[in-house]
Every structure is written in C-alpha cells, then in structure tokens.
Amino acid sequence: MNAPTAKILVNDERPSVRARALLAEMTLAEKIGQMSQVEATYGYPPEYLGDRLRAGEVGSVINNVDINVVNELQRIAVEEGRLGIPLLVGRDVIHGFRTIMPIPLGQAATWNPEVVREGARVAALEASRCGVNWTFAPMIDISRDPRWGRVAESFGESVLLTNLLGTAMIEGFQGEDLGEPGSIAATAKHFAGYGAVESGRDYATTNIPDTKLRNVYFRPFEAAVDAGVSTVMTSFSDLNGVPATGNSYILEDVLRGEWGFDGFVISDWDSIRQLRIHGLTENDEESAYEAANAGVDMEMAGDAYSNHLQSLVEEGRIGLETIDRAVLSILTLKFSLGLFENPYTNPDAFPGYGSERALAAARAAALQSVVLLKNDHSVLPLRSSELESLAVIGPLADARYEQLGTWIFDGDEELSVTPLRAMQDMVGGEVELRYVRAMQNSRSCVNPEFDAAAGVAAECDAVLLFLGEESILSGEAHSRADIGLPGDQVELVRRVRAAGKPVIAIILAGRPLTLSDVVDEVDAILYAWHPGTMGGPAIADLLFGVESPSGKLPATFPRLVGQIPIYYSQKNGGKPPSKDNVVHIDDIDAFAPQTSLGMSAFHLDTCFTPLFPFGHGLSYTDFEYSNVRVSSEAIRVGDTVTVSADLSNRGDREAEEVVQLYTRDLVGSITRPVKELKGFRRIRLAPGETRTVRFDLHTDDLRFYGRDGKHRVEPGRFHAWIAGSCDAEMRTEFRIVE
Ligand code: BGC
C-alpha cells in the first residue's frame with residue numbers, strides 16, 4: 001500500500017493546530033461525518049461502507065478486527081476521501097485482547113496498579129496488531145451492587161481503588177505517548193452513575209444526590225481526566241431524570257467546565273436514539289438535538305447525528321461552534337495517534353498473540369487476584385508429598401472458555417490453561433487427580449454424576465471443588481436477582497462434604513456471590529473471579545503453596561441479597577447496630593414487646609455484618625499489625641500527617657500483604673462514611689521480618705464536597721486505621737486545625 005499523501009499541510013506539528021487547519025477546509029457534512037461511528041461487523045464492510053467513507057461521512061468504525069479489512073477501510077478513507085482523514089478503529093478491549101487478564105473486578109483484587117497497567121499494555125499491543133486504535137475501557141463506575149452484571153467490568157466499590165486502577169489502565173493503554181506504535185486511546189466509561197442502577201438491573205434508572213455524585217461516582221472520572229484519558233463514554237442510564245446521554249450538567253458543566261476535559265465524548269451504543277425510548281424526546285431529531293447540545297461529540301452505532309445534525313445546524317438550533325468543537329477534538333485525537341502519518345497497520349510490527357510477556361502478565365494478575373476467603377486448620381496449601389490422590393470436582397475445573405469471563409470478544413480460549421490442566425502439569429506425576437465434572441455447566445441440576453463425585457471424594461485424600469458462575473451469568477444485561485451459587489451446586493457441596501474429606505472450594509465468578517449456604521460446608525475457599533487465560537497455573541501455584549494468596553476483596557460480600565447495598569463506607573446513622581443491640585429472628589421470645597429487639601439498623605433474619613468485608617483476604621502466613629501511630633496529633637490545613645504501623649510476618653513463609661489505611665472524619669457539615677480507604681501498599685515480607693509501613697496523608701486527601709458544595713477539608717477530629725481489611729481494630733487519632 002502506498003504511503004498516503006498529506007492533503008493539508010501546516011508547519012506547526014501540534015495535533016490541535018493541525019486539526020484546526022484541517023477543520024477550516026471541511027464542509028458541514030464532512031464535519032458531521034466525523035461525529036459518526038458506524039458498525040463494521042458484518043459481511044465485507046468496504047463494500048457497504050466504501051461510498052460513505054469516500055464521501056467523508058464516517059469518523060470511526062467499530063467492531064472489525066480483520067486487519068485486511070481494517071487496512072482497506074483506512075485506505076478508502078485516506079486515499080479516496082476528499083480530505084484523506086483516517087478512521088478511529090474502536091473495539092472493546094476490556095481485560096485483554098487474545099490473551100485475557102482476570103476480569104477487571106479480579107484485577108481490582110490485586111490492589112496493584114502495576115499489574116493493571118501491564119495488563120492494559122499487553123492488551124493494547126495485541127489489539128494494535130489488528131489496527132485497533134481506540135478502546136472503550138476502563139469502566140470506572142463505582143459498583144456497590146453485586147446483582148449488577150457489569151460489576152465484573154468494574155474495580156468494585158471503593159473510590160480510591162477505582163481512581164488508582166482506572167488511571168493505571170489508562171496509562172497502560174495510552175502509553176507514554178499516544179503516537180507510539182502499540183498505544184491506543186482509552187475511554188473512561190460510563191459517565192455517570194451507571195453502577196447505581198436500581199436493584200442492580202442493567203440499564204435501569206439511577207437517583208443519586210449531588211453530594212454523592214461528587215463524593216463518589218464522579219471521582220474516578222475526574223482522576224481519569226487528570227490522567228489524560230482521550231475520550232469519555234456516556235452511560236445508558238437515566239440520572240436523576242435526565243438520561244446521561246442528554247445530560248448537559250454532567251457533560252458540559254462538570255466534565256468540561258469544572259474539570260477542563262478537552263478530549264471528546266462518545267455516546268454508548270445507540271444511546272442517542274434511546275433518549276426517545278427513555279421519554280426525554282419525541283423523535284430521533286430531538287434526540288440528536290438534546291445529545292449534541294448536552295455535549296456528546298460522537299454517536300456510537302446510531303444514525304440520529306447523520307440524519308439530523310445538518311438540518312439542526314441549518315435551522316440554527318445547534319450552533320456551528322458546537323459542531324466545530326466536537327470535530328476539533330476528534331481530529332486532534334487522530335493527529336495525536338499519528339494516524340495521518342501511519343494509517344495502516346503492519347501486524348508483524350507487533351508481538352504475536354499470547355506472547356511470553358502477555359502470558360506472564362496474565363499469570364501475575366491472576367495470581368495476585370485470587371482471594372483466600374477462609375482456610376480452617378490451614379488446610380491450604382496442599383503438600384503434594386503428603387497426598388496420594390485428589391478429587392477434582394465441578395463444572396469450572398476444566399472450562400477454558402468460562403474462566404475467561406465476560407466481554408472477551410477477541411479472547412482465544414485455545415490459549416487458556418485450566419486449573420485441571422495446570423495441576424496435571426504440576427503434580428500429576430506424584431498425585432492421582434480424579435476429575436468428575438458433575439455438572440454440564442454451573443446451572444445444571446442434580447444428576448447421577450453427583451453420586452459419582454461423592455464416591456470419588458470418599459476415595460481421595462482431599463477434594464477440590466471448582467464452583468461458581470459461567471461467563472454468561474455476568475456482564476452487560478446479565479444481572480441476577482439471586483446471586484447464590486446457581487443450579488444445584490449447593491447440593492453438590494453437601495454430597496461431597498458427606499464423604500468426610502477436607503473440601504477446598506475454588507470459586508470462579510463474575511461478581512461477589514452470596515456464599516452463606518456453603519461457607520460452613522467447606523474447609524477453605526479460594527475466590528478466583530474469572531481469572532483469564534492463565535487462571536489455571538495461578539490457581540495451581542496457590543493451591544500447592546508455590547505462592548501465598550495475596551488478593552483482597554475490592555467489594556463487600558453480602559450474606560444475603562437482602563443486605564444489598566452493603567459496602568464498607570456506609571454512614572453510621574443515628575442507631576448503628578452492634579453486637580449488643582441486635583436480635584436474631586430465631587431468638588425472639590413469644591410476645592416480645594416491640595421495643596425489645598435492639599432498635600438499631602439491622603435485619604432480623606441475618607447479621608448486620610457482611611459475610612466477608614471489603615479488603616479481606618487471608619494468607620498462608622500470619623501478618624501482625626502493631627503500633628499504629630501518627631506523626632503528629634494535630635496538623636494545620638495544608639499540612640501532611642504520617643500514619644504508620646509495624647507489619648510483622650509471624651508465620652513461616654515469605655508472603656505479600658496489602659496494607660490498607662482507612663480514616664474517619666468524625667464530624668462533617670454532611671455526615672461522613674464510617675471508614676474511607678485512603679491508601680494501600682503491597683508489602684512482601686520474609687518470615688520473622690518486621691517493617692514499618694508509612695502513609696503520608698495530606699489534608700487535601702481528606703477533602704469532600706460538604707453542605708456548601710465546596711470541595712475542601714473540614715477541620716476536626718479524625719480516626720485512622722492501618723490493617724489488612726476494613727475490619728480494622730487498631731486505631732489512632734489526629735486533629736486538623738484551621
Ligand atoms: C456497552 C459499552 C460498550 C459498547 C460497545 C455497549 O453496549 O455499554 O460499554 O463499549 O457497547 O461495544
């Protein structure tokens with residue numbers, strides 16, 4: 001293919017200057033073309049899109065990863081279009097491309113920005129081979145409802161964790177320089193509040209007060225803007241009565257006005273035309289009007305813009321400056337990506353799929369993402385020298401596709417190494433592994449294989465039960481009302497348990513599941529999320545103690561669905577529950593007077609605590625925290641206090657711990673959460689080693705939007721904890737004075 005000729009020449013190299021010069025040459029129709037992203041999934045797209053590309057009616061294509069097709073689409077746009085403007089080629093690269101990392105929620109359990117950054121980098125390199133130059137990730141919607149299927153795509157419930165991991169993912173995709181080969185533009189999505197959909201039903205409505213939007217849901221997006229994210233995607237959901245795609249408050253006032261975002265905003269899939277279905281507009285023309293005036297610059301996969309923007313501008317309902325601003329930022333991104341110089345992709349210029357680097361990244365991420373929820377009598381790690389046989393039971397022990405999780409359009413299951421396969425490689429020579437799948441998939445019912453499984457369990461030294469959810473049960477539009485183990489898995493656990501052998505559950509899932517039915521039936525639980533391509537070797541390493549588990553929960557695990565929303569940073573309320581003021585339904589005396597039941601904020605039929613708290617995760621060693629202290633008992637606004645603790649490894653093996661800092665602002669102009677995560681660090685300690693872990697806390701880190709709507713710290717008393725989960729006990733205190 002010939003190198004394209006630059007059709008517009010300017011001396012200044014800056015992308016925005018070049019974009020402005022090009023904009024000056026464009027007709028209104030060509031400008032509107034840049035604001036349209038079209039689907040290129042089916043058939044041979046150069047055939048049905050060719051004329052539109054030549055006419056300058058398309059700014060971006062989505063969902064084609066055939067490099068020959070993509071190069072041909074670019075060729076038509078660049079060599080046959082009047083102005084030779086290359087295409088943005090978009091694709092959901094959510095947690096890997098061919099090589100799949102753990103689902104983002106699993107990556108969040110690593111609490112390790114480095115792991116997330118490297119995962120995004122290798123995904124960007126793989127996607128670049130296909131000419132993809134733009135991804136729709138990270139999803140940084142704070143998610144506090146595990147019923148919501150898209151919790152899998154999130155970094156969980158914490159603002160700080162989402163801020164830092166979202167930023168790391170953006171850095172991994174975009175690299176040091178967007179123009180470098182292998183860098184792709186990232187998208188912060190879905191703005192805003194999508195994670196708060198009512199009852200966790202995907203696409204449902206959200207009602208979020210402004211202080212909560214600002215103190216919680218907006219925060220990761222502001223961090224993404226600070227990190228230089230190229231684009232922002234609107235949410236499908238209705239936010240306080242105005243669907244996000246038509247919401248000028250969030251897109252104009254906050255995103256651009258307050259945060260100075262100068263990239264561009266893309267709608268979600270056809271979400272402009274959905275403004276009519278929401279009941280905000282009467283027809284597509286009005287939807288185009290609302291979206292464009294609200295600040296949506298590009299329409300994904302719809303035709304409201306291509307059909308109606310021209311007449312709306314000609315009628316004066318949409319200003320030309322609105323169009324020009326949108327197109328300028330779209331063209332600026334194309335120049336920044338170097339597409340005018342290099343519109344074509346030579347796949348051989350990039351590492352092959354499933355490269356050593358990619359598999360190592362996937363394995364490291366999976367290893368650090370697995371959370372040891374319980375480990376009675378130190379049943380784990382297994383010692384292969386002490387075992388003759390192991391029962392390996394369950395539908396997810398050897399399921400190459402299912403371990404990859406949701407949103408893996410391009411994931412290659414052939415690269416997957418399953419836990420069964422990895423264990424065969426690791427210990428198959430010494431230990432007899434007896435595998436019974438028992439269920440066709442995670443939703444299957446009791447069948448004769450249950451008895452076979454129980455029989456094998458009885459004949460083996462221990463049982464590894466691979467339970468959980470298949471990929472299809474989480475992700476977009478895959479919300480669940482009952483988030484227990486699906487099918488008859490609980491019955492399978494009971495039958496296997498009855499064999500009397502140690503039972504270790506390894507759970508693969510796209511969300512926190514409610515595990516109350518099985519938690520006491522098993523000796524240990526390793527929670528592996530959907531761990532991706534290299535989930536098997538990572539799980540085998542952990543089961544057999546090559547490494548100690550070090551993942552920590554990025555989301556609270558409820559006991560029952562009825563506890564949702566339950567998250568660590570809840571408010572105290574005026575009648576907080578405690579061990580002394582709650583009663584269980586089974587303990588209520590006949591004719592008990594109304595006021596005898598505790599009078600606090602709890603459910604009668606379950607505990608007021610979750611099954612596993614945010615930040616929880618055990619290790620094979622014993623970590624001990626001591627001496628939590630502050631550098632100063634009182635600091636001034638603008639100063640820094642150092643909170644530190646000593647961490648000791650009291651066990652007999654080297655291991656990593658994620659040390660967590662929490663604070664509580666005791667009194668505020670609006671009530672403050674009982675705990676907020678303010679810092680974390682992964683520390684590796686040898687047996688017997690003690691290290692002091694320090695966190696510098698600036699008073700800016702304690703700012704929040706208060707009753708006056710200002711973002712500032714309010715002087716007063718603060719508690720601080722350093723611990724291995726939010727269930728922290730050792731506390732210190734400091735004051736902030738004016
Ligand atoms: C999802 C987005 C995604 C887009 C493109 C939509 O249905 O909500 O997150 O980026 O599709 O695939």
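Strand S2 (residues 60-62) and strand S3 (residues 88-91) run parallel and are joined by three bridges. Within this pair, Ser-60 has Leu-88 of S3 as its bridge partner. The model in which these strands appear is a predicted one.

The two strands belong to a wider arrangement. Five strands, in the order S4-S3-S2-S1-S10, make up an open sheet with parallel pairing. Strand S4 (134-135) and strand S10 (299-300) stand at the edges; each has a single partner strand, so one side of each is left without a neighbour in the sheet. In general, the strands of a sheet pair through backbone hydrogen bonds, and the pairing may be parallel or antiparallel.

The antiparallel kind is found in another sheet of this model. Here three strands form an open sheet in the order S17-S19-S22, with antiparallel pairing. Strand S17 (623-630) and strand S22 (690-698) are the edge strands, and because each has a single partner strand, one side of each is left without a neighbour in the sheet. From one strand to the next, the twist averages 20°. Strand S19 (residues 640-649) pairs with S22 in the antiparallel sense over nine bridges. Thr-640 has His-698 as its bridge partner in S22.

The chain as a whole may be viewed through its domain assignment. This assignment gives domain 1 (1-85 + 317-336), domain 2 (365-543), domain 3 (567-609) and domain 4 (623-737). Domain 1 is thus listed in two segments, 1-85 and 317-336. Between the C-alpha centres of domain 1 and domain 3 there is a separation of 61 Å.

The model also holds a ligand, and attention may now turn to its surroundings. The ligand is surrounded by 13 residues, of which the closest are Asp-92, Arg-150, Lys-189, His-190 and Asp-268. By class, this shell consists of seven nonpolar, one polar and five charged residues. Several side chains approach oxygen atoms of the ligand. A polar side-chain atom of Arg-150 is 2.7 Å from an oxygen atom of the ligand. For His-190, an N or O atom in the side chain lies 2.7 Å from a ligand oxygen atom. Glu-476 places a polar side-chain atom 2.9 Å from an oxygen atom of the ligand. On its own the ligand has 310 Å² of accessible area, and the protein covers 94% of this.

Some details of the backbone remain to be described. Most residues other than glycine have a negative phi, and most peptide bonds are trans. Against this background, Tyr-203 has a positive phi of about 70° although it is not a glycine. Tyr-203 is placed in the loop between strand S5 (187-191) and helix H8 (210-217).

Two peptide bonds may be considered next. The bond from Leu-380 to Pro-381 is cis, with omega near 0°. Pro-381 occurs in the loop between strand S11 (371-375) and strand S12 (389-393). Ile-564 and Pro-565 are likewise joined by a cis peptide bond, with omega about 0°. Pro-565 is located in the loop between helix H19 (535-543) and S17, and S17 is an edge strand of the antiparallel sheet described above.

Note on methods: Residues are numbered from 1 along each chain as its sequence is written. This is a predicted model: local features need pLDDT of at least 70, side-chain atom pairs count only at pLDDT 80 or more; totals for chains, interfaces and linings use all residues. Side-chain values use heavy atoms; hydrogens and water are left out. A residue is near a molecule or strand if one of its heavy atoms lies within 4 Å of it. A polar contact is a pair of N or O atoms within 3.5 Å; within protein, one must be able to donate a hydrogen and the other to accept it, and residues adjacent in sequence count only if both atoms are side-chain atoms. Accessible areas come from the Shrake-Rupley method with a 1.4 Å probe; for residues, only the protein chains shown count as cover. Ala, Val, Leu, Ile, Met, Phe, Trp, Tyr, Cys and Pro count as nonpolar, Asp, Glu, Lys and Arg as charged, and the others, Gly among them, as polar. Domain bounds come from an automatic or database domain assignment. Two strands pair if DSSP finds at least two bridges between them. Helices (H or I, at least four residues) and strands (E, at least two) are DSSP runs, numbered from the N terminus. Axes are lines fitted to C-alpha atoms, for helices over the stretch in contact, and angles run from 0 to 180 degrees between N-to-C directions.
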